[in-house]
Amino acid sequence: MLLRVCLLLLILIPGICAETAATLGAAVREMTLDPDACYRVRDLSLQRDDTRIYLTDGFLIFGKPVAGRRVVAIYYAAEPSDDAEMIVRPPNRSERLSLSMATESPNLDEHFRSALFIFTDDTAEEFLKAINDGVPKPNPEMGLAIASRLDSTVRNLCTSFQVRIVLDLLAKQPARGLFYTAITGKTLDNFDFMYDPTLPEESILGRVSNKGILGFDVWTSFQDRKHRQAGEPNREDVIIENYRIDAKLQPDLRLDVITRISARPQQRVSGALAFELAPEMEVTAVKIDGQPVEIYRRESMRANLIGGRTNDPFLVVLAQPLEAGSKHELEFVHSGKVIRPAGNNVFYVAARTNWFPSHGFGFTNFDITFRVPKDLRVVATGDIGEEKEEGDFRIVRRRTSAPVRLAGFNIGAYENAGITRGGFEVQVYANRTVETALQARPNTIVLPPAWTRGTIGRGARVSEVVTNQSGPAPNPQARLRELATEIASSLEWMSTQFGPPPLKTLTASPIPGNFGQGFPGLLYLSTISFLSEKERPANVQTEKQHTFYSEILHAHETAHQWWGNLVTAATYHDEWLMEAFANYSALLILERKKGPKALETTLDEYRAEMRMPSGTGKAAIPVESTGPITWGMRMRTDAPLDPWRIIVYNKGSWILHMLRRRMGDANFLAMLGAIRKRYAYQPFNTDQFRLIAAEFSPKGIPDSTLDNFFDNWVYSTGVPTLECTSSVKGKAPQVQVSVSVRQSGVSEEFGVDVPVEIRVPGQAQPIVKWIRTGPDPATFTLKLKAAPTKVELAPGAGVLAFRK
């Protein structure tokens, strides 16, 4: 008998083991509805934190099981009286505002007649228990009718979530499972809701959009109640302790890479591990502790859109669970063309953050070796370990001396200049030529027609075409030494103010385009910033653009060594802090070099951009009114007037400047140093910023907790127009000064504390009175011994406002 059981197990085990990620994925992609699992349902309800779904009356049909689990269901209203309802109540003012702007209501209460559900949590069990408690009978006839209409829709949406479904089926952890629904509402048409306990914000409500590029409009997004009360984000299941990367650039620009990592689970992990990688990179093999394992990688478009991912996820299937605290070595073999030619032997690294597999972005160490054709040079995050030529290749090794979150690289036919200052090394690399887009082009001139005599004696009007060769080609090494000096100076000053950066070597290199990016130890700077002002393209030949490319860009990206690479944003709601800190740090450098007027001129330009209209016609609003600064990337568009850039960079800089004026320079710089000291290698959020800013604010000024300041400038929108008037009665030594401040252009709820300075003859320091603006004029009266020489509202650009 025992022998027969053993033989039976041997027969069954291959069938069980055949349930690989690939077979599960195929089953998901071929999903169909199960007519025998179609039920008439009444008063079914489902709750996911602050979201509730009520299936009041209608039919619910399940998809056929995959690996024994139901992962799909459809609600369908067959009768006119059938109805279902979804209620979402965002937990805070900002998210209620977001939902209101999308749906004209701060809470969602939408009735619907059809919905598709995808789930890997306990949804199926909840539904089936409620159904069984009601003792319903299956209705296969209705099931066949629904399936014939909606099977293709089910397959399409399941395919869009296939990687996540396979991951959860392998892991068998319903508590970390996904719940998603696509609803066709009675008034809002099609929209999506997803509850994903693995995301920093579990609840996401919105709609897939296609405004020239496929994306997802987030109506509201928030953390669940448990994590809000705990005040901490979800913990990563696995910590990556180091990366060892060997990369070889082939002559056709294909990058062949072997990436090895050490991974330590923080909790027991079973089924599979999810990684992300650039879409251009193909993973061909993975080993765990030397043993080959299965890879599963498929497109999951809708899941990526809703989750805000730009990378492709892929699964590394585990042969056995990884126990908490254990240590494992993973090896990835991957290759692809993530480097693009920009012409003239200039290259563009397209996958700067995702050219190697990532599992979260925790702090870790990198040891990177590159092999590139020897006529090229490579720069990367980390200190130079070695650089040598071997045959037709140049070999460069870079190692980080401290943990970092990202590691980037750049490639080019470079010349370089280096400076050592304050214990830090700065290396700046420039291409020998500019990319094609910046190359000087000859001008073709058509001269006016002139009379000539032809061979047959008749006059003819002939246009003469002349090619006028333009001046010499732009020289991308024109500012090489100057840039090295300026970056070294900025790095030294910021180190003095904020504390040391994460790495002692900072390398800057060019990138085609009009932007920059600051990685740990590596800056990407637009080629334009390497050119002298007269060699730059005509469209950037303005004083504002010269200031940006010559003064602000490199200092901003240098500041990211602290803000973004050492202190990091807790969530996307807090990413504005990193950009605002970096940009205002650059403005402090500008002020040191060119004086307060240069800083205030830039702030004036920022304020003017905030007032520019976003949209057209009656729908046009000031771009600043697109949303609060904490919405972050949700506001980003491909439009030339990008609300995300203007609000995060421009308004963010103004917020910091206003805090600086409240605190005074010494306290403000001390606050920045304290943030770096307390939150190095840690996430930092907006409320923690409010608390530390309040700590460094002088005693005795209004709004000591800065609650009102943050409510108006950070969590809301609006730039007021302020008018300050004053009148003087009487003569010395009995003078009465009356001051009034009127506010307009914002909602009645908007009100901020602003200082009024009164300068009196014979007094070195002005009298400062704080007033709070509001829908009614704010006034006060002072008795003085002499008439004031000046009454000024928030001098030194002390408040973000337009003045009458």
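**Figure 1. The lining of the second largest cavity, sorted by class.** In this predicted model, the lining of the second largest cavity has 3 charged residues, 2 nonpolar and 1 polar. The residues around it are Arg 662, Asp 703, Asn 708, Phe 709, Val 752 and Asp 753. There isn't much to fill here: the space comes to about 30 Å³.

**Figure 2. The largest cavity and what surrounds it.** Searching the whole structure turns up 2 cavities of 30 Å³ or more, and the largest has a volume of about 60 Å³. Its lining includes a run from Ser 358 through His 359, Gly 360 and Phe 361 to Gly 362, along with Ile 240, Tyr 243 and Arg 405. Sorted by class, that lining has 5 nonpolar, 5 polar and 1 charged residues.

**Figure 3. Helix 6, wrapped up by its neighbours.** How many of the 10 residues of helix 6 (residues 162-171) are buried? The count is 10 of 10, so helix 6 is largely enclosed by the rest of the structure. The buried set takes in Arg 164 and Asp 168 as well as Val 163, Ile 165 and Leu 167, among others. Packed against these residues are helix 2 (21-29) and helix 5 (140-160), plus strand 5 (108-119), strand 12 (272-277), strand 15 (295-296) and strand 16 (312-317). Right after the helix comes Lys 172, with a positive phi near 55 degrees.

**Figure 4. Helix 4 and its two faces.** Thr 123, Ala 124, Phe 127 and Ile 131 are the buried residues of helix 4 (residues 123-133). Looking down the helix axis, they fall within an arc of 95 degrees, so they line one face. Turned away from that buried side are the exposed residues Lys 129, Asn 132 and Asp 133. The cover over the buried residues includes strand 1 (33-48), strand 2 (51-63), strand 5 and strand 6 (179-185). Just past the helix, Val 135 has a positive phi of about 50 degrees.

**Figure 5. The largest nonpolar core, and a separate one.** Nonpolar side chains tend to be buried together in soluble globular proteins. Here the largest such core has 108 residues, and Trp 563, Met 671, Ile 675, Phe 684 and Phe 689 have the most contacts inside it. Helix 11 (residues 575-594) supplies the largest share, 12 residues. A second, separate core of 49 residues includes Leu 277, Met 281, Ile 288 and Val 293. Zooming in on Met 671, its contacts beyond four places in sequence are Met 663, Phe 689, Ile 692, Ala 693 and Phe 696.

**Figure 6. His 657, a buried histidine in helix 13.** His 657 sits in helix 13 (residues 643-663). Buried or exposed? With a relative accessible area of 0%, His 657 is under the 20% cut-off and therefore counts as buried. Leaving out residues up to four places away in sequence, His 657 touches Tyr 584, Leu 599, Leu 603, Gly 796 and Ala 797.

**Figure 7. Backbone oddities in three loops.** Most residues other than glycine have a negative phi, and most peptide bonds are trans. Ala 67 has a positive phi of about 55 degrees in the loop between strand 2 and strand 3 (72-76), and is partly exposed at 40% relative accessibility. Leu 253, with a positive phi near 75 degrees, lies in the loop between strand 10 (238-249) and strand 11 (255-265); at 11% relative accessibility, Leu 253 is buried. The third view shows the cis peptide bond joining Ala 732 and Pro 733, with omega about 10 degrees. Pro 733 belongs to the loop between strand 36 (721-731) and strand 37 (734-744).

Notes. Residues numbered from 1 in each chain as written. Predicted model: local features only at pLDDT ≥ 70, side-chain atom pairs only at ≥ 80, totals over all residues. Heavy atoms only, no water. Helix = DSSP H or I, 4+ residues; strand = E, 2+ residues; numbered from the N terminus. Buried < 20%, exposed > 50% of the residue type's maximum accessible area, 1.4 Å probe, protein only. Contact = heavy atoms within 4.5 Å. Core = buried A, V, L, I, M, F, W, Y, C linked by side-chain atoms within 4.5 Å. Arc of directions from axis to C-beta. 1 Å grid on protein atoms, 1.4 Å probe; cavity = no way out; pocket = protein on both sides within 12 Å on 5 of 7 lines; lining within 4 Å. Points joined across faces, edges and corners; volume = space filled by probe spheres on them. Nonpolar A, V, L, I, M, F, W, Y, C, P; charged D, E, K, R; others polar.
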